[in-house]
Amino acid sequence: MSDALSSPPWPRRALHELVAEQADRTPDRVAVRCGDRSLTYRDLAAAGRRAAARLAARGVGPGHTVAVMVDRSVELPVALLAVLASGAAFVPVDPGYPRERQAHMLADSGATTTLTVGRLAGRAGTADVVVLDAPDEDEATAAAADALPAVASGDLAYIMYTSGSTGRPKGVAVDHGCLVKGVLTMGAAVRLEPGDVWLSVTSASFDPVLIELFLPLVHGSTIVIASEQQVLDGEALHEVLAASGASVLQATPLTWRMLLDAGWAGGLRVGLCGGETLAPSLAAQLAARCGQVWNIYGPTETTVWSTAHLVTGDERDTVPVGRPLPDTTVRVLDAERRAVAAGESGEVWIGGGGVTRGYHGRPELTDECFVADPFGPPGARLYRTGDLGRLREDGALELLGRADHQVKIRGHRVELGEIENWLQEHPSVAGAAVVPQPDGEEQRLVAYVRPGREHLFDEAGLRAHAALRLPRHMVPGTFVRVDVWPRTPSGKIDRRALPVPAAPSAEAAAPAATAWDDELTAALAGIWQDVLGAAPDGVEANFFGLGGHSLQVMQMVKRIKAAFGVRMNAARLMQAPTLGEQAALLRAAVMTTGTPDPVPAAER
Ligand code: AMP
């Protein structure tokens with residue numbers, strides 16, 4: 001067992017009140033910037049209060065949930081603070097998720113109001129929509145502004161959805177007490193200074209974003225929010241990192257690698273790497289480029305991060321995830337829930353002030369995963385992470401893989417069971433197993449499908465079915481037909497005996513037989529073949545339909561630059577997924593040489 005480094009008394013307050021107090025202390029300081037827009041602490045506090053009053057005036061308050069559908073912009077912290085100040089809890093809903101997934105999240109969380117911005121309002125899935133940048137203040141709003149409810153530490157702050165093994169995403173319900181603990185304990189590690197500038201790159205649907213937005217705001221530092229385009233494109237990210245004067249960045253290993261590939265030479269005061277395994281080679285590169293680098297670890301269920309390791313750069317086989325943050329307990333237990341000795345492996349259980357309420361509306365699942373801490377004081381609870389690990393003699397935790405079928409795909413948490421269950425709902429499917437296979441430094445998902453009797457194996461149909469409910473990162477890149485499952489001695493599908501589909505080969509990359517109308521399209525088709533290992537059969541061919549994913553879009557950017565000398569914007573390519581659309585973008589870029597991709601400077 002390993003106990004907290006220390007347990008300072010965290011204020012038993014609501015998170016937005018801590019931000020409001022900071023705004024009173026430093027009203028004229030810049031709180032948040034995105035592109036050419038910025039808000040001072042005074043502006044942020046006023047905008048948050050106004051939006052909270054608009055919510056309150058339509059009856060939203062304590063006990064309610066509000067869907068927040070806001071892209072990467074200065075409105076994002078405004079929206080989150082507004083919902084908290086109204087007394088309700090926010091539910092981040094990614095506008096890019098399939099409608100069915102969004103609908104499930106709304107119904108499951110009980111959100112009947114969406115807080116959004118004008119450019120996304122059409123995608124809101126609730127009847128009641130509040131558009132932040134289209135104010136509709138009236139007398140009722142003015143009255144509500146003076147009567148915002150008191151919010152207690154035990155009140156619900158947010159519900160964050162994550163992949164669920166039984167086929168539906170599950171919502172982790174987190175109260176203000178956990179959120180304040182999560183934010184302030186990271187502050188104890190990072191020791192933010194007022195002059196710090198934190199570049200925010202995390203999507204609003206992942207809880208690390210809450211550290212990026214709230215930790216600077218309770219310390220009077222400045223947040224710079226990178227645009228959607230910038231977070232997908234290493235070179236653009238590199239540019240904004242330099243231009244913003246950022247001193248702190250929190251990112252996944254994938255994003256750090258993107259930055260290094262783009263030639264980033266360093267200069268941050270603090271680098272935080274979390275969400276996935278940090279390889280020793282990457283750790284060494286980051287340690288050489290930042291004043292401090294932390295490998296941070298934690299599941300959504302215990303509020304963002306639970307442990308942290310200060311990277312030396314000399315780690316050899318593994319980089320530990322470190323010691324528990326303040327007010328956090330880490331226990332490594334065996335199958336009978338007995339503590340194992342230091343150095344022995346077991347399952348990782350996490351306790352302390354970050355342990356959340358559990359899964360919204362799922363008491364049985366909550367009881368399965370959240371239990372009374374047999375070693376702790378009365379009332380203490382532990383969350384079973386599913387991670388395997390061991391505690392070193394010095395109390396630092398090392399992770400050793402998973403005890404279940406949860407994986408990370410390009411930074412996203414994915415339950416393979418969710419994909420399998422949904423594939424099995426397709427009428428042609430008698431059985432499905434989804435297995436991650438190595439793909440360079442990342443993993444790709446391969447779906448093995450056994451068609452039912454008298455059914456054909458229809459790859460395109462299965463892919464379309466998957467995309468109906470699953471976000472892009474969960475749609476398998478490759479589908480393989482299986483007629484007989486290999487079995488383990490106990491009769492389960494032997495996942496390790498499933499055939500590994502061939503990686504894209506030089507043969508697959510041979511020129512397509514399709515006759516293209518023009519040279520540019522033909523050359524672009526050749527690049528698709530190289531990157532995807534599959535030949536587009538016409539201008540309607542869809543990059544994602546052929547199994548492409550966001551990392552491969554980055555490879556496309558590089559290949560196009562090498563072939564045509566122009567740098568396309570990765571996000572623009574993703575928004576134009578057919579060969580014909582991409583050829584049109586490329587043609588426009590080539591014709592305006594010098595400014596390769598016609599993206600406004602503010603978005604870069
Ligand atoms: P999420 O709830 O999306 O934050 O995912 C939590 C899971 O991500 C953990 O249970 C781990 O399996 C994995 N994870 C998070 N941080 C790290 C890290 N620094 N190293 C290895 N795995 C990590």
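**Two helices in a predicted model**

Modeller: The buried residues of α7 (buried meaning under 20% relative accessible area with a 1.4 Å probe, protein chains only) are P208, V209, L210, I211, E212, L213, F214, L215, P216, L217 and V218. This is a predicted model, in which local features need pLDDT of at least 70, side-chain atom pairs count only at pLDDT 80 or more, and totals for chains, interfaces and linings use all residues. Residues are numbered from 1 along each chain as its sequence is written, and side-chain values use heavy atoms, with hydrogens and water left out.

Colleague: Why is α7 largely enclosed by the rest of the structure?

Modeller: Because 11 of its 12 residues are buried; helices here are DSSP runs of H or I with at least four residues, numbered from the N terminus.

Colleague: And what follows α7?

Modeller: Just after α7 comes G220, with a positive phi of about 75°.

Colleague: Switching to α15, what do its buried residues pack against?

Modeller: They pack against α16 (550-564) and α18 (579-591), and among them are L520, L524, W528 and L532.

Colleague: Which residue has a side-chain oxygen that reaches a backbone nitrogen at the start of α15?

Modeller: That is D518, whose side-chain oxygen comes to within 3.1 Å of the backbone nitrogen of L520, while G533, which follows α15, has a positive phi near 70°.

Colleague: Zooming out, how many helices and strands does the protein chain have?

Modeller: The protein chain has 18 helices and 26 strands (strands being E runs of at least two residues), and 55% of its 604 residues count as buried.

Terms used: Buried < 20%, exposed > 50% of the residue type's maximum accessible area, 1.4 Å probe, protein only. Contact = heavy atoms within 4.5 Å. Polar contact = N/O pair within 3.5 Å; in protein donor to acceptor, adjacent residues only side chain to side chain.
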